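Visitor: Hi! Could you walk me through this one while I have it on screen?
Guide: Happy to, let's pull it up.

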Number of protein chains: 2
Amino acid sequence: MTQTTVRVGKSLRPQGKVRQEDARRHHRTLLLQHLFRTGAASRADLARTSGLTRVTVSDLVGEMLADGLVEELGAPAEARVGKPPTLVGMVVDSSHVVSLDLSSVDTMQGAVMNLAGAVVDRAEVSSGGARGTDAVALAVELARTLVERSGRPVLGIGIGSPGIVDDRGTVLDAPNLGWHGTDLAGEVAAATGLPVHVANDANVAALAEHTYGGAAEGGLLVLRVGFGVGAGLILEGVLLHGHAAAAGEIGHVTAEDDGEPCACGRTGCLETLLAVPRLRARLAAADDETALLAATGARLGEVLAPIVGALNVHELVLTGPLDLLDGALRDAVTTTLRRRVMAVTSDSLTVRTSNLGDDVVLVGAAGLVLAGELGVS
Amino acid sequence: MTQTTVRVGKSLRPQGKVRQEDARRHHRTLLLQHLFRTGAASRADLARTSGLTRVTVSDLVGEMLADGLVEELGAPAEARVGKPPTLVGMVVDSSHVVSLDLSSVDTMQGAVMNLAGAVVDRAEVSSGGARGTDAVALAVELARTLVERSGRPVLGIGIGSPGIVDDRGTVLDAPNLGWHGTDLAGEVAAATGLPVHVANDANVAALAEHTYGGAAEGGLLVLRVGFGVGAGLILEGVLLHGHAAAAGEIGHVTAEDDGEPCACGRTGCLETLLAVPRLRARLAAADDETALLAATGARLGEVLAPIVGALNVHELVLTGPLDLLDGALRDAVTTTLRRRVMAVTSDSLTVRTSNLGDDVVLVGAAGLVLAGELGVS
DNA sequence: CACATTTGTTAGTTCATCGCACTAACAAAC
DNA sequence: GTTTGTTAGTGCGATGAACTAACAAATGTG
């Protein structure tokens, strides 16, 4: 939880000074970012892409070599004029990341991942309806187990939690887990002594799609359908948190006039149509399942259209149970959006399901740590 | 148009190195920002708020004194223990900004403003339906006139234009003015030799509300109703441009099923209900004007609800003709939003009209220059 | 084989900032 | 009137990061 004033890799507000130490860290990150995204490269190559001198790059790479973060990989195969370069690559197993997904209904998922975002080890606990401090204890225990099981130094712990999470990792409100103003990051950090990053599960999923899911540049909207319905937005390459950390709470926007009652006290919220338990119940009672899915998709499209139009979203990713989301529902969303949003925007719009399967949140939580600790994304 | 790699005050992507020169500029900006927002302060005060040393602050202030950007104002009235400080304040008339508002239907508005955003001089030309290069020539001429009339050095030119504008100041598409891929910034810069900043009028209006309109922190959505309908968004203190610079094109989101035909080729777009000429025509034909305004407001609320909910917008500002926007329409928007958006969000939501009157775009365009050239916002 | 080309390193320089020490100016207490 | 304590602002040397210049090593080319 030791964090410098300036967070490199996220947006830098003009609210802090830039010590030269910060600048150096930023440059280190810059190089690491390149190695992370485009693979191994020579020092000279890094110098060219970063704009720094070969001297400076050498110095920084030396530092990272000493830290075990990168390693020399020898000369590349192809022979060219001049002295052959020495490739430098990230050591994806130099340290690990522990990530938790608390958004499932009955279980808490956990994993140990390497720096490339690959799952190295897994664990899960049945939550058995635990709430409040009990639920916190379960999460802490799961994290601790995984940290111990990982043979490597752990860079940090990333957690995707349902509900509203502020930027310090406090869960302001998560009804399912009975958390209200619960300092989840603090608890886990105290128990493990490691940096902890927590964010809303939908936001985390968006980060995962952006970093690992092969999402194109441009606005990205990830809709996460589970016990509730949430949205995560990546705009201009940056994850949107929202001021009171409540961005993405799309589940309680009205989607249907005179609809069914919702837990929030109003009626016709998007969740009453789309949340997995609600939708399954409605399907069970329906004559024509496909028609119901299509109608639901159309409603969803109507809710999303203003967002897609106003923010120029280029890619919409649906995450959740594929049997519900991938067929008629997705098609209906797509056609509704195309019909309701200006051609300039909707022509270039892709609607798809996640490439990352059930691990979206785990992968994204790991990405949260990489972004926070290494500035890599 | 000489601009360093790092733009302070906007989001800093990890795509450029940070030269120490940049860091120094950033720190200068930091101090200026404080003077700009909270008025005069002593060097020691600046040191405390910025986290820099008194030495460094003295050095930077000395630089700015030499540039004529700030001036010493003597000691403050109240007497305290210790040596009385020397207040330093921005010289609001050290240089001027020329700004243009091209979003009116028949005229192009222009103004000379000081660094505090006050109008010093005005001019306007009747556009007389000019389009394409003729319209560009008119804008160039208006800018040139104002630059000449200003007795001070001009910091730059800011332009709020309708249509889609990319970040380099090229108007990609503005049907009303017949511009398609028109390099407006380039033309004006070539004619005046000054830095030019162009953005969409709604975005510019949002910037104005954020900087000068007393907007609270938190998400801000500015809806601009004129010949067309556009939206500008400030999230996490930063103006959202959208990837293909088309953010804010909310006018062509469908607001009504089976609605009236729109210029874009579809039907029921928000513009067909809300754009000033369309709305006036509908009012003229209506029996009950108030009812029509309320119905229109309700539709608008339905379109905005998903955006307000998903982005946690705290403040909605309506700009445009007040006789249309301020009464029944605004009330209907407010109640619709409160009904359709989760309480957490909508309780803290303010819906209001602009505090800046007809000058929103002019003021915002000036702000664009201040943000771009001085990093102040 | 001489030579150009590219990589990576060494040595010395520039630049922004910091810590420290200093002077200046004043209020309050005696 | 003097002393004490506090705050403001300014020199000066030190530090740390990144730069330029120069060069050795390794390799293809004519």
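Visitor: Which part of DNA strand D makes up the atoms within 4 Å of the protein, sugar or phosphate, or bases?
Guide: In this predicted model, sugar or phosphate accounts for 68% of those atoms, and bases for the rest.

Visitor: Which residues come nearest to strand D?
Guide: Out of 29 residues around DNA strand D, the nearest are Arg24(A), His27(A), Thr53(A), Thr56(A) and Ser58(B).

Visitor: And what touches a phosphate oxygen there?
Guide: An N or O atom in the side chain of Lys17(B) sits 3.3 Å from a phosphate oxygen of DNA strand D. A polar backbone atom of Arg43(B) is also 3.3 Å from a phosphate oxygen of that strand.

Visitor: What about a base nitrogen?
Guide: There, a polar backbone atom of Lys83(A) lies 3.2 Å from a base nitrogen of DNA strand D.

Visitor: Which helix gives the most to that surface?
Guide: Helix 1 of chain A does, with 4 residues. Overall, the surface residues near DNA strand D split into 10 nonpolar, 10 polar and 9 charged.

Visitor: Switching topic: how many aromatic pairs are there over all chains?
Guide: The count is 2. One of them is Phe36(A) with Tyr212(A), edge-to-face, at 6.2 Å centre to centre and 85° between the planes.

Visitor: Why does that pair tie together parts far along the sequence?
Guide: Because Phe36(A) is in helix 1 of chain A and Tyr212(A) in helix 6, the pair joins parts 176 residues apart in sequence.

Visitor: Is Phe36(A) buried or exposed?
Guide: Phe36(A) counts as buried, at 18% relative accessibility, while Tyr212(A) is partly exposed at 22%.

How values were computed
Residues are numbered from 1 along each chain as its sequence is written. Chains are lettered from A and ligands numbered from 1 in the order in which they are written. This is a predicted model: local features need pLDDT of at least 70, side-chain atom pairs count only at pLDDT 80 or more; totals for chains, interfaces and linings use all residues. Side-chain values use heavy atoms; hydrogens and water are left out. A residue is near a molecule or strand if one of its heavy atoms lies within 4 Å of it. A polar contact is a pair of N or O atoms within 3.5 Å; within protein, one must be able to donate a hydrogen and the other to accept it, and residues adjacent in sequence count only if both atoms are side-chain atoms. Helices (H or I, at least four residues) and strands (E, at least two) are DSSP runs, numbered from the N terminus. Ala, Val, Leu, Ile, Met, Phe, Trp, Tyr, Cys and Pro count as nonpolar, Asp, Glu, Lys and Arg as charged, and the others, Gly among them, as polar. Rings of Phe, Tyr and Trp (its six-membered ring) pair if their centres lie within 6.5 Å; planes under 30 degrees apart count as stacked, over 60 as edge-to-face and the rest as tilted. Buried means under 20% relative accessible area, exposed over 50%, partly exposed in between (1.4 Å probe, protein chains only).
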